[in-house]
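This report covers side-chain contacts and surface exposure. Follow along in the model shown below.

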Amino acid sequence: EIFLANVTALNWNGQFNLDFSCYLMLSGLWIMWRNRFTPAAIIGGAVAMVAGILAFAPYLLYLLVTENGNLVKVLLGKNQS
């Protein structure tokens, strides 16, 4: 209730809550999309939506290492570049 009240009040707290929620949702959806919505990808995306940067940052670092810094492969996946 407090979360939605802040968002509808159009104040700084509401802007932060909305922005942070969008970040969590988009990062989770990106993880799912990048891995073609496999069951493991859906679980990983859901974990990222809940854990936030604690899950997302290690995942990005892992991708950067395994893809040798190739940002196209990091962002799009191996088979989608």
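At 52% relative accessibility, leucine 71 counts as exposed. Exposed means over 50% relative accessible area, buried under 20%, and partly exposed in between (1.4 Å probe, protein chains only). Leucine 71 sits in helix α5. Helices (H or I, at least four residues) and strands (E, at least two) are DSSP runs, numbered from the N terminus.

The model is predicted: local features need pLDDT of at least 70, side-chain atom pairs count only at pLDDT 80 or more, and totals for chains, interfaces and linings use all residues. Residues are numbered from 1 along each chain as its sequence is written, and side-chain values use heavy atoms, with hydrogens and water left out.

**Nonpolar patch**

Leu71 also belongs to a nonpolar surface patch of about 810 Å². Its other members are Trp33, Phe37, Ile42, Leu61, Leu64, Val72, Leu75 and Leu76. Two elements, α4 and α5, give two or more residues to this patch. The most come from α5, with four residues. Patches take residues with over 30% relative accessible area and no salt bridge; like charges are joined within 9 Å, nonpolar side chains (Val, Leu, Ile, Met, Phe, Trp, Tyr) within 5 Å. Areas come from the Shrake-Rupley method with a 1.4 Å probe; for residues, only the protein chains shown count as cover.

**Aromatic pairs**

The structure holds six aromatic pairs. Rings of Phe, Tyr and Trp (its six-membered ring) pair if their centres lie within 6.5 Å; planes under 30 degrees apart are stacked, over 60 edge-to-face, the rest tilted. Two of the pairs are tabulated.

| Pair | Type | Centre to centre | Plane angle |
|---|---|---|---|
| Phe16 and Phe20 | stacked | 5.9 Å | 5° |
| Tyr23 and Phe56 | edge-to-face | 6.2 Å | 75° |

Phe16 and Phe20 are about one helical turn apart, because they lie four residues apart in helix α2. Phe16 is partly exposed at 43%. Phe20 is partly exposed at 40%. Tyr23 and Phe56 link distant parts of the chain, helix α2 and helix α4, 33 residues apart. Tyr23 is partly exposed at 25%, whereas Phe56 is buried at 14%. One aromatic cluster takes in these four residues together with Trp12, Trp30 and Tyr59.

**Salt bridge**

Side chains of opposite charge can pair when their charged atoms come close. The rule here is a side-chain nitrogen of Lys or Arg within 4 Å of a carboxyl oxygen of Asp or Glu. It gives one salt bridge. Glu67 pairs with Arg34, the closest N and O atoms being 3.7 Å apart. Glu67 is in the loop between α4 (53-66) and α5 (71-76), and Arg34 is in helix α2 (residues 12-34). Both residues, Glu67 and Arg34, are buried.
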